[in-house]
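User: I'd like a close look at one part of this complex, with enough of the surroundings to place it. Here it is.

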Amino acid sequence: MKSAVIIFPGSNCDRDMDVALKKFGFKNEMVWHDDEQLPKSDLIVLPGGFSYGDYLRCGSIAGKSKIIKSVIDFAAKGGLVLGICNGFQILTETGLLPGVLQQNKNIEFICKNVFVKVNNKNNKYFNSIDKDVLELHIAHNEGNYFCTNDELKMLKDNNLIAVSYCNEKGEVNEKSNPNGALQNIAGIFNKEKNILGMMPHPERMIDKYLSGEDGSIFFKNLINNIK
Amino acid sequence: MKIKVIVTLKNGVLDPQGKAIQQTLNGMGFSSVNEVRQGKFFEVDVNEKDEAKAKIKVEDMCKKLLANLVIENFEIL
């Protein structure tokens with residue numbers, strides 16, 4: 001299985017993602033944002049970080065990179081596109097996913113482990129995953145998901161809210177919402193569910209001694225679903 | 001020709017920075033401040049002599065990059 005991670009100026013989770021993908025069997029390639037062609041891939045990842053220093057709006061300038069046109073074409077053909085953190089912000093800025101990631105409600109950069117509830121397993125990302133609640137890491141200043149009422153209705157009607165912030169028991173409530181995100185939304189799909197954007201970082205949870213293993217579960221499951 | 005643009009958050013969209021500024025102003029003794037909304041100001045120098053044409057170009061820029069129309073409005077001055 002082949003994957004590619006796009007590097008933007010200011011990406012900083014690109015190599016963590018590279019390590020994670022390779023650890024679970026992907027043959028990964030790094031792709032520079034100024035390239036126009038994507039290598040043949042089963043999965044494209046837009047990594048976390050601070051592309052272009054978060055200038056203008058997070059992800060807005062990366063969303064106009066040369067490579068993005070190929071990413072949009074790849075996604076339109078059903079290719080899997082995963083955006084983590086800044087990658088999620090880029091996906092909303094390109095219009096591949098609805099809504100926007102605003103500044104955290106409490107105006108603080110949040111860096112901590114959180115629990116997210118997997119809401120929909122009928123897709124390549126979470127199909128057959130044997131857990132309903134994952135412990136993952138978040139590190140962001142703009143993770144406060146917001147969208148219009150029509151977009152929210154569309155997300156709910158089509159079961160596109162991929163993961164929601166919750167507590168250890170999987171209860172989605174205000175207390176478990178770290179950043180003020182609308183309805184505790186931590187990640188969403190596009191209608192076809194080949195594009196997933198989420199704020200939590202699975203690539204930071206792939207070592208039981210350093211962090212946790214729920215990221216390992218995510219990647220193992222993902223590669224099995226693609227095979 | 002320089003075209004000026006103001007981008008503001010739409011009504012009802014949470015503005016944590018504006019809120020913090022308002023609370024700071026209140027704390028400084030400006031007790032009459034009810035609300036602060038923070039926005040952005042751009043000055044775009046366009047290689048164009050006709051003002052109307054320049055503004056049409058800048059409007060396109062606003063829609064495609066300068067503003068995120070999900071949460072922001074723009075005004076060309």
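User: Take chain A: how many helices and strands does its secondary structure come to? Please go on from there to its core and its loops, and finish with chain B.

Analyst: Keep in mind that this is a predicted model. The predictor gives the complex an ipTM of 0.80 and a pTM of 0.93.

Chain A's secondary structure comes to five helices and 11 strands. Its radius of gyration is 16 Å, close to the 17 Å that the globule rule gives for 227 residues, so chain A is as compact as a globular protein of that length. The C-alpha trace of chain A spans about 45 × 35 × 35 Å along its principal axes. Of the 227 residues in chain A, 54% are buried. If you take the contacts in chain A with a separation of 6 or more, 75% of them come from residues 24 or more positions apart.

Now for the core. The largest nonpolar core has 68 residues, and those touching the most other members are A:Ile6, A:Val81, A:Val116, A:Ala186, A:Ile188, A:Ile195 and A:Met198. Strand 9 of chain A gives the largest share of this core, five residues. Pick A:Ala186 and look around: leaving aside neighbours within four places in sequence, A:Ala186 is in contact with A:Val116, A:Val163, A:Ser164, A:Tyr165, A:Ala181, A:Met198, A:Met199 and A:Pro200. Another core, of seven residues, lies apart from the largest one, and among its members are B:Ile3, B:Val5, B:Leu66 and B:Phe74.

On to the loops. A:Tyr52 sits in the loop between strand 3 (43-46) and helix 2 (66-76) of chain A. A:Tyr52 counts as buried because it has 21 C-beta neighbours inside 10 Å, where 20 or more is the cut-off. Setting aside neighbours within four places in sequence, you'll find A:Tyr52 in contact with A:Phe8, A:Pro9, A:Gly10, A:Ile61 and A:Ala62. With A:Gly10, the C-alpha to C-alpha distance is 5.6 Å, although A:Tyr52 and A:Gly10 are 42 residues apart in sequence.

Two other loop residues are worth a look for their backbone. A:Cys85 has a phi near 55 degrees, a positive value in a residue other than glycine. You'll find A:Cys85 in the loop between strand 4 (80-84) and helix 3 (86-94) of chain A. A:Cys85 is buried, since 30 other C-beta atoms lie within 10 Å. A:Gln183 is also a residue other than glycine with a positive phi, near 50 degrees. The loop holding A:Gln183 runs between strand 9 (161-166) and strand 10 (185-189) of chain A. With 14 C-beta neighbours inside 10 Å, A:Gln183 counts as partly exposed.

That leaves chain B. Its mean pLDDT is 95, and 100% of its residues reach 70 or more. Nine residues of chain B are in contact with 13 residues of chain A. Helix 1 of chain B supplies the largest share of the side of chain B that touches chain A, three residues. Sorted by class, that side of chain B has seven nonpolar, two polar and no charged residues. As for helix 1 itself (residues 16-27 of chain B), its 12 residues reach 16 Å from first C-alpha to last, close to the 16 Å expected at 1.5 Å a residue. Just after helix 1 of chain B comes B:Gly29, with a positive phi of about 110 degrees.

Definitions and conventions:
Residues numbered from 1 in each chain as written. Chains lettered and ligands numbered in written order. Predicted model: local features only at pLDDT ≥ 70, side-chain atom pairs only at ≥ 80, totals over all residues. Helix = DSSP H or I, 4+ residues; strand = E, 2+ residues; numbered from the N terminus. Expected span 1.5 Å × (residues − 1). Contact = placed C-beta atoms within 7 Å. Nonpolar A, V, L, I, M, F, W, Y, C, P; charged D, E, K, R; others polar. pLDDT = per-residue confidence, 0-100. Buried ≥ 20, exposed ≤ 12 C-beta atoms within 10 Å, placed from the backbone. Rg over C-alpha atoms; globule rule 2.2 N^0.38 Å. Core = buried A, V, L, I, M, F, W, Y, C linked by C-beta atoms within 7 Å.
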